[in-house]
Amino acid sequence: MRPSDYPPPWSDAEAVTAPGDVEPIEVGVLVVGGGPAGLAAAIRLGQLIASDPETAEALGDVPVAVLEKGKAPGSHLLSGAVVDPDPLWRLLEGVRAPGDLPTYGQVPGEQVLLLTSDRAVRLPVPPTMRNHGNVVVSVSQLGRFLAEVAEEGGAVILPETVGQSLLVADDAVVGVRTGDKGRGREGEELPRFEAGSDLRAKVTILAEGTQGHLSLAAFDRFGLAGSSPQTWALGVKEVWRVPRPLREVIHTMGWPLRPAARYREFGGSFVYPMGDDLVTIGMVVGLDYRDASVSIHDLLQQLKTHPRIRPILQGGERIAWGAKTIPEGGFVALPRQLHAPGLLVVGDSAGLVNVPALKGIHYAVESGRLAAEAAWRSLTGGDLSSYDTALRSSFVWRDLRAVRNMRQAFGAGFWRGSALAGLATVTGGRFPPGNNPTESDASHEIFSGDGASSYPAPDGALTFDKLSSVFLSGNRTRDDQPSHIRVATRVPAELGDLWVNMCPAQVYETGPAGEDGLVEVAVTPSNCVQCGAITAKGGRLTPPEGGSGPEYTLT
Amino acid sequence: MKIAVCVKAVPDSATGRRIDPASGRLDRAGDLAVSDFDLHPVEEALRLRDAAGEGEVVVLSLGPAGAADAIRKTLAMGADRSVLISDDAFAGADLVTTAHALAGALGREEADLVLFGQQSADGDGACLWAAVAEVLQRPAISQVAELSVDAGSVTGRRQTEYGYERIRAPLPAVVAVSDAINEPRYPSLKGIMGAKSKPQETLGSADVGGVQAAQTTVIALSAPPERGDRRRLEDGSSAPEGIVEFLVERRLL
Amino acid sequence: MKTLVFLEHHDGAVTKPSLALLSRAARLGGETCGVIAGSGLKEAAASAGAFGGSVIFAADDERLAAPLPQPRVDVLAGLVRDEGFDTVLFAQSVLASDIAAGLALRLGAGLNWDLADIEEDGETLIGKRPALADSVWVDVGWTATPRLGLFRTGSFDPAETGGSAEVRDVTVTLEPHSQLAELVEPATVDEQAGPSIEEADVVVAGGRGLGGPEGFALVESLAEALGGAVAATRAVVDAGWYPYSAQVGQTGKTVSPKLYVAVGISGAIQHKVGMQSSGTIVAINKDPNAPIFDYADLGVVGDLNEIVPRLAELVRQRRDA
């Protein structure tokens, strides 16, 4: 059976509504999401406003507002990350010196390893993955830094505030309604209940990151979906304090993932130094995998036991953990356009991620900048379609197009996929020709396999269980609130198992099978770190009360 | 009526709280947030002001310069202004130092009512309100779970080990409220957006009458004493007796 | 060294923690005295001497009838000044902590609180206290005398020395500001079934292992036998087996009773942080690998349905004997 056979009780139309009767709050440009894309837009707008105060008057008293659902910008940001700093330096020209950017320095050296259960074979670094000139960052720290810059430029950042529904009037986006606060488990109003507000804006920029809640609703409402569905990978990572510095950026492929085509296990791991005393290690696996017993959190734990990897962490201490999905569909899965009346979509919400190069942050920043410029031009009569035009002429489009068929190639298994990817690289994307479609992650048949049989039991020193990991993410979600997770609650045991194992935060549990052969799915929403995996595999994550979720600082 | 609320900005628990081995003091690096316990007196002050239809709520704090951002949340909740006493000279402040500094700032305000939260989330247990009341030479009521103000006096229903009692004191008075008194409101969006334009004053040590030297010191840190041997009982049938024996041994029965 | 111990009293008797502190202080060098303040307390003062101290100062005055802190600051400050005490010790209570803080400012003296013990190093005193949810211990000191110390509840046990102390009357002079607060309604206990979980000395908590809401009958029975409060894990509260007000853990309440009995609880860290500083932890669980056994003082592997009823019975037998 397939996860898509049991769709969640959710329709994207639920996140679209007409403006309400209560007096709205007016802002100029509303940015939903305080990550690199949204903050880049806010920063760029601040610069444009400063350069032309007269035109800026059209934006009113609050020219730029940024909604952030986490406790603060950075709280929900997670990535590797090795970043191409050029777009950031260009954005911050005149506002900050290049040295001000919070980084862990340039990539010291690189290794790509093909792992087997007990060995590591060094491979030549593929051209798509060369990182010369790039820097290692914590995207969470980067977010905090960019938020400071944005605020200095005049943006108002509203933390712990969720963009709950798109306000649409006369077929145009006129703003966003924010989420309620202070509802109890059954939805009842608790003593400190605070209803969400209507925020009206001339332009709304959706920068919600992976599987943006409003972005998905917007694609549906305005028919923006591309020819191929978006697909995602789930990344689970940790940060360790280590006694010996790591001197290179490492990417691995192969073990513990299984190469045979029927498993569809595409992905790999990264190990990056963060200065001399910190290391970040993560496992990224496409959510089109088929074995219901697969747990990416446990694959990460297993990875750490490899003889080439274990010594890196020996004597160290785990200090952070987190999980988040990454859009993987690339070029062919991009929406056919990223604007609608009153609306622009940027960053991961738009799917601007280069999977073979594992890069997305600099595209997010560039798309945020271009969206800001298009929004600005719209104040003097320009059309928001100029954003799409600018994006298509940018390096973002060029890069994504060149690698457009690589990921799909891996659907044919690791070896064939590598060969095809190599071909695509060498020909700069001209071969294989055409645009190979993607298939949605939930559309693949699943089966109960034995992937989990080799996962190590958590020892509390090198390997860890999910619950203590959730704790380390800083997650203190208030549990006396309505569940924000939409899933079918009576499903075949295999699907239940898929979800139980997939979720890195142990949100799902299943009971015994009933007479109809289906199991009851129980959800513990307060564990949820809002990674989004469930949305890819048959359910739908919606945003919980603002401020809920992890409090990442080093991820 | 002017109500002053004394709050403390403490390290946000997500970024972790630890003691700096070098100084022996709480490591205050990292994001600060107003202690959860201190949101209750802020909420109570707002309710009193709103019920009266007039008045001013001013929030005071002794802390590092970075505390100003944390305190802005109280302005977003609805407080009218804030005063931060911030000066390197106050590093290592203890009860005596802190009480004098706050009393110095409160002296400038001449509030009718001074509110405190019941417990500091990081320091645990210091009765700052009693110390401040002594310096101000005004009456103090602590552990207040219910508060009412009328005709120049404040009455608090307070919780002690022996039950609930009611104490009344003439204004100006100092009151410490427990977390049972109310549920602090979420700041509204309008509140958050308006907070930036509310006055946030910073005072130095000279503005509050100098620095009273701390009278206590931290000498050393150590690991907690071992919890003692952990024991295991595996035989279910004799377990109940075994548990009783253990409890008796530990003087718990 | 000359030490003064504040002796709190209630219903005509000195409280156990005060007597315990007096016993401990009497073992310090130099002279130790106690002070009791209230109205009509001659008997209580006389009985206190059996626990230590050479002199028990009795401030017996109508104006001290109400258990208010500020007048007591006046009494103690006067004694420190007149008798030359260099050290004043308090056993934690709502009243004592208010007095200690007020007295610290009156005397301009250092106050170290939450102390678990005190050590002498010649004329120097070193206080020992836990910090950061008991994860670390700190040695604290004073820069000058007089020095004030406030001790956590349960730090010591009262020990009769077999001696007696002289009871001396104290003349009471009160500051004007100390007389402003007045007791309008004396303490009355609210109707409730047992102590609240944050204040109880004993907490019995139930988790998933109970199997269903009916399992809480066992937990309640044991709590009743032990004179404790009932708590629950997040999982069972989520499942609707017990109310949210009883939830202990990261997103519930934090408790640190003298005894915490965990019944059918696996002990994941989200629960642990809500009870890890309990004095003694007893865990009953049928899974020998449950994480709770990593930090319970007594781990009992077995069937709670058989163990808990029998345990409650045995406890009741002892109690009623």
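# Exercises on a predicted three-chain model

The domain assignment of chain A gives domain 1 (3-94 + 141-229 + 331-402) and domain 2 (104-137 + 230-327 + 443-541). Keep in mind that this is a predicted model. Let's work through it together.

## Exercise 1: The two domains of chain A

Task: Find how far apart the C-alpha centres of domain 1 and domain 2 of chain A lie, and describe the contact of the two domains.

Solution.
- Step 1. Start with the centres: those of domain 1 and domain 2 of chain A are 27 Å apart.
- Step 2. Next, look at who takes part. Domain 1 of chain A brings 31 residues to the contact, and domain 2 of chain A brings 41 residues.
- Step 3. Now look at elements. On the domain 1 side, β5 (82-83) and α4 (139-152) of chain A each supply at least two residues.
- Step 4. Finish with the classes: this side of domain 1 has 17 nonpolar, ten polar and four charged residues.

## Exercise 2: A sheet in chain A

Task: Trace the open sheet of seven strands in chain A and explain why one side of β7(A) and of β20(A) is left without a neighbour in the sheet.

Solution.
- Step 1. Read the order of the strands: β7-β6-β17-β18-β19-β16-β20, with mixed pairing.
- Step 2. Go to the edges. β7 (120-123) and β20 (317-327) of chain A each have a single partner strand, so one side of each has no neighbour in the sheet.
- Step 3. Check the twist: neighbouring strands of this sheet are turned by 20° against each other on average, with direction ignored.
- Step 4. Zoom in on one pair. β18 (residues 267-274) and β19 (residues 278-286) of chain A run antiparallel and are joined by eight bridges. Within β19(A), A:V279 is the residue opposite A:P273.
- Step 5. Add a helix to the picture: α6 (residues 296-303) of chain A lies across β16 (232-241), β18 and β19 of chain A, and runs at about 130° to β19(A).

## Exercise 3: Two packed helices

Task: Describe how α9 and α10 of chain A pack, and name the residues that meet.

Solution.
- Step 1. Locate the helices: α9(A) spans residues 361-378 and α10(A) spans residues 385-392.
- Step 2. Give the geometry. They pack at an angle of about 145°, and their axes are 8 Å apart. The crossing of α9(A) past α10(A) is right-handed.
- Step 3. List the α9(A) residues: A:S367, A:L370, A:A371, A:E373, A:A374 and A:R377. Their counterparts in α10(A) are A:S386, A:Y387, A:A390 and A:L391.
- Step 4. Sort them by class: six nonpolar, two polar and two charged residues make up this contact.

## Exercise 4: Where chain B meets chain C

Task: Work out how many residues are in contact between chain B and chain C, and which element of chain B gives the most.

Solution.
- Step 1. Count each side: 61 residues of chain B touch 66 residues of chain C.
- Step 2. Find the main contributor on the chain B side. It is β9(B), with eight residues.
- Step 3. Divide the chain B side by class, which gives 32 nonpolar, 13 polar and 16 charged residues.
- Step 4. See how β9(B) also pairs across the chains: β9(B) and β13 (residues 182-188) of chain C are antiparallel partners over four bridges. Here B:R168 stands opposite C:E182.

## Exercise 5: A sheet built from two chains

Task: Identify the strands of the open four-stranded sheet that includes β12(B), and say which stand at the edges.

Solution.
- Step 1. Write the order: β12(B)-β10(C)-β9(C)-β8(C), with antiparallel pairing.
- Step 2. Pick out the edges. They are β12 of chain B and β8 (117-121) of chain C; each has a single partner strand, so one side of each lacks a neighbour in the sheet.
- Step 3. Note the twist, which averages 30° from one strand to the next.
- Step 4. Follow one pairing: five bridges link β8(C) with β9 (residues 124-131) of chain C. In one of these bridges, C:D121 has C:T124 as its partner.

## Exercise 6: Confidence and chain C

Task: Say how confident the predictor is in chain C, and where its domains lie.

Solution.
- Step 1. Begin with the chain: its mean pLDDT is 91, and 98% of its residues reach 70 or more.
- Step 2. Turn to the whole model, which scores ipTM 0.89 and pTM 0.90.
- Step 3. Place the domains of chain C: domain 1 covers 2-179 and domain 2 covers 202-320. Their C-alpha centres lie 36 Å apart.

Note on methods. Residues are numbered from 1 along each chain as its sequence is written. Chains are lettered from A and ligands numbered from 1 in the order in which they are written. This is a predicted model: local features need pLDDT of at least 70, side-chain atom pairs count only at pLDDT 80 or more; totals for chains, interfaces and linings use all residues. Axes are lines fitted to C-alpha atoms, for helices over the stretch in contact, and angles run from 0 to 180 degrees between N-to-C directions. A crossing is left-handed if the near helix is turned anticlockwise from the far one by less than a right angle, and right-handed if clockwise. Two residues are in contact if their C-beta atoms, placed from the backbone, lie within 7 Å. Ala, Val, Leu, Ile, Met, Phe, Trp, Tyr, Cys and Pro count as nonpolar, Asp, Glu, Lys and Arg as charged, and the others, Gly among them, as polar. Domain bounds come from an automatic or database domain assignment. pLDDT is the predictor's confidence in each residue, from 0 to 100. Two strands pair if DSSP finds at least two bridges between them.
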